[in-house]
Amino acid sequence: MNTQAQPHARGQNVGTETCMEPCPIERGMRIIGGKWTGSILWHLKDGPVRFNELSRMIGGASKKMLTDRLRALVAQGLVTRHVMPTAPVSVQYEITDVGRSALHVLDALRQWSETLPAGLQAQS
């Protein structure tokens with residue numbers, strides 16, 4: 001649903017209607033803004049990666065967190081999961097075309113973050 005905005009006394013826009021669904025920015029952030037999601041997609045951009053290799057690339061995420069996030073990305077259709085017929089069995093992940101479509105947004109975010117002052121810290 002589109003909202004119409006009217007200027008507020010302090011120059012801010014105030015919506016005259018309430019959105020019953022997330023706006024496009026919020027929807028996009030819910031999809032790619034989850035912890036580790038952007039990093040996972042970014043590390044898969046050059047081709048399939050095995051789980052343990054991906055775990056090493058994303059050093060701050062626990063294996064449980066990485067597994068949970070990958071399951072969600074597979075369910076959303078942003079990543080595919082392939083079980084390799086090896087002994088022991090290994091799994092590799094690959095970005096899908098839908099996931100790949102987010103890479104330009106992630107690259108723009110990377111470029112923007114590189115311009116920020118060094119002392120500016122992210123909020124947890």
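Select E114 to begin: in this predicted model, E114 counts as exposed, with 54% relative accessibility. Next add R110, whose side chain meets that of E114 in a salt bridge of 3.0 Å, N to O. E114 and R110 are four residues apart in helix 6, so about one helical turn separates them. Elsewhere, K64, D68 and R71 are joined into one network by salt bridges that share partners.

Return to R110, which is partly exposed at a relative accessible area of 33%, and select D107 as well. The side chains of D107 and R110 also meet in a salt bridge, 2.6 Å from N to O. Both residues belong to helix 6 and lie three residues apart. D107 is partly exposed, at 22% relative accessibility.

Proceed to helix 1 and select E26 and R30. Their salt bridge brings the closest N and O atoms to 2.4 Å. E26 is partly exposed at 35% relative accessibility, whereas R30 is exposed at 55%. The whole structure holds six salt bridges.

The largest pocket is the next stop. Select its lining: M29, I32, G33, G34, K35, W36, T37, G38, S39, V105, L106 and L109. The space within is about 390 Å³. Helix 1 (24-32), helix 2 (37-43) and helix 6 (103-114) each contribute at least two residues to this lining, which comprises six nonpolar, five polar and one charged residue.

Finally, select residues 79-84 and 90-95, which are strand 4 and strand 5; they pair in the antiparallel sense over six bridges. Five residues lie between the two strands of this hairpin. Within the pairing, V79 has I95 of strand 5 as its bridge partner.

Notes: Residues are numbered from 1 along each chain as its sequence is written. This is a predicted model: local features need pLDDT of at least 70, side-chain atom pairs count only at pLDDT 80 or more; totals for chains, interfaces and linings use all residues. Side-chain values use heavy atoms; hydrogens and water are left out. On a 1 Å grid over the protein atoms alone, a cavity is a set of points where a 1.4 Å probe fits but cannot get out, and a pocket is an open set with protein on both sides within 12 Å along at least five of seven lines; lining residues have an atom within 4 Å of a point. Grid points are joined across faces, edges and corners, and a volume is the space filled by probe spheres set on the points. Ala, Val, Leu, Ile, Met, Phe, Trp, Tyr, Cys and Pro count as nonpolar, Asp, Glu, Lys and Arg as charged, and the others, Gly among them, as polar. Two strands pair if DSSP finds at least two bridges between them. A salt bridge is a side-chain nitrogen of Lys or Arg within 4 Å of a carboxyl oxygen of Asp or Glu. Buried means under 20% relative accessible area, exposed over 50%, partly exposed in between (1.4 Å probe, protein chains only).
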